[in-house]
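Hi,

Here is the structure I promised to pass on. Have a look, and then read my notes underneath.

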Amino acid sequence: MTEHSSPLTFDTSWQYAPAPESADHISLKSRYGLFIDGKFRKPRSGKYFDTINPANEEKLAEVAEADAADVEAAVKAARRAYDKYWSKLKPAERGKYVYRIARMIQEKAREFAVIESLDGGKPIRESKSVDIPLAAAHFFYYAGWADKLAYAFPGRDPRPLGVAGQIIPWNFPLLMAAWKLAPALACGNTVLLKPAETTPLTALKLAELIQEADLPPGVVNILTGAGETGAAIVRQPGIDKIAFTGSTEVGKIIQKAVAGTHKKLTLELGGKAANIVLEDAPIDQAVEGIVNGIYFNQGHVCCAGSRLFVQEGVAGEVIQKLKTRMQTLIVGDPLDKNTDIGAINSRTQLETIESYLKIGQEEGASMYQPAYPLPEKGYWCRPTLFTDTAQSHRITQEEIFGPVLAVQTFRTLEEVVAKANNTPYGLSAGVWTDKGAKIFGLTQQLRAGVIWANTYNKFDPTAPFGGYKESGFGREGGLHGLEAYLQL
Ligand code: ADP
């Protein structure tokens, strides 16, 4: 059953005037090569692919497709840079380079934010206030550790691993690059980074910035391409460490490929986070947190609060308030400062989300979407709420990666813990309550790497992030994030 909001409940008599962010100040090349050994080079195969704007399906640039020979060339450059300069450089000097990258990201924050929204479809508000400042913050944070590793691990002998291969997804393109690059470089490793095929542009702009920052050639190499390029990185024998963020499915393939080799591995995979609202919670605040946890960012977050558990006494009120709030969310141009929900990242992802909307209805859940119109071109999905769901439903078990929330109710804390933990994932969770004791009680019992209390989706470079079970292993961020790039 599908329920659409009645036009009468959504006041269309007024709208915000468009407030588009200007894109005049950005500079994009029509074609990008591979960033190897400090220079942009043509791919050996001569192949390029398009990266498009998912909000209007227009081509933004052509990007090189790296094959195994390009990967090998990048590994050689990274190894040379490691042996010749980076591992020999005084840690304080290494730290200065990482600081320089942080400062330059801040200086170019506007350009990075616009390109992130153009290439990935996320609202400019999000790119400007979350992605880019946090990316800079990660470089600042890890720059500070470069010459203090001995203090981070007292009594041990922290040493870099060598060459790291890093593969990242499309949901936070520059931020994921920062999460991977900053600790690796601060610890003295050299790297090959592969951005996702649908969002390569901010990583390529970062390559330009790294050139400008005068980093020794080969310390950072940025290779574009799709799964085959990623697989070539994973197979490369000259790599000492693989760090991957992406789907659980690909994570499992990578784990098998790395098994039995000398390569160290960290995996940050999918999630199906439980966002739990207790009867004593501040309801309006919780509703805003639920919206922030799933709808902002199109649900393109592995830690999205995609399963909502509401205690029975307040379920009616929470669902009603949520529907009202959903009607006011603005879906549209990612570059408009008023936009809450931007474009879905790719046609493939939109098709996946739409298939889940169908599955949810076939499973017998009730689907609610606000009725407002969507732009004609581009990839769009209305914020969606499923009620009457069961633990056995695929929409409550599987990661959808879209603005789709499945609601369940519960009576007791024991019941909600059992339900929330009944998932193959364990990345994150949220708890909304007035009582500190309940927060501590629940956080002890929930099997999730990150748990937010009375807030959601808040990040800080000092806080470790990572999952349990099929959400992966290893932690990124904070002191824990250093361990992934050191032998101790
Ligand atoms: P998502 O579902 O979020 O797109 P994927 O796991 O498919 O996640 O992609 C995450 C990253 O992994 C992307 O950079 C993608 O190109 C890369 N990738 C995809 N398949 C493979 C593979 N077999 N080996 C290595 N990397 C891969």
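Below is what I found around the ligand and its pocket.

First, the ground rules: this is a predicted model, where local features need pLDDT of at least 70 and side-chain atom pairs count only at pLDDT 80 or more, while totals for chains, interfaces and linings use all residues. Residues are numbered from 1 along each chain as its sequence is written, and side-chain values use heavy atoms, with hydrogens and water left out.

The ligand has 17 residues around it (a heavy atom within 4 Å), and I168, W170, K194, E197 and S247 come nearest. For polar contacts (N or O pairs within 3.5 Å), a ligand oxygen is 2.8 Å from an N or O atom in the K194 side chain, and a ligand oxygen is 2.9 Å from one in the W170 side chain. A231 uses a backbone N or O atom, 3.4 Å from a ligand nitrogen.

Where does the largest share of the shell come from? That would be α8, with three residues (helices are DSSP runs of H or I, at least four residues).

The ligand sits in the largest pocket, meaning that more than half of its atoms lie within 2 Å of the pocket's grid points. A pocket here is an open set of points on a 1 Å grid over the protein atoms alone, where a 1.4 Å probe fits, with protein on both sides within 12 Å along at least five of seven lines. Its lining (residues with an atom within 4 Å of a point) counts 48 residues, with W170, E197, G246, S247 and V250 nearest the centre. α9 gives the most to that lining, seven residues.

Cheers

Key: A polar contact is a pair of N or O atoms within 3.5 Å; within protein, one must be able to donate a hydrogen and the other to accept it, and residues adjacent in sequence count only if both atoms are side-chain atoms. Helices (H or I, at least four residues) and strands (E, at least two) are DSSP runs, numbered from the N terminus.
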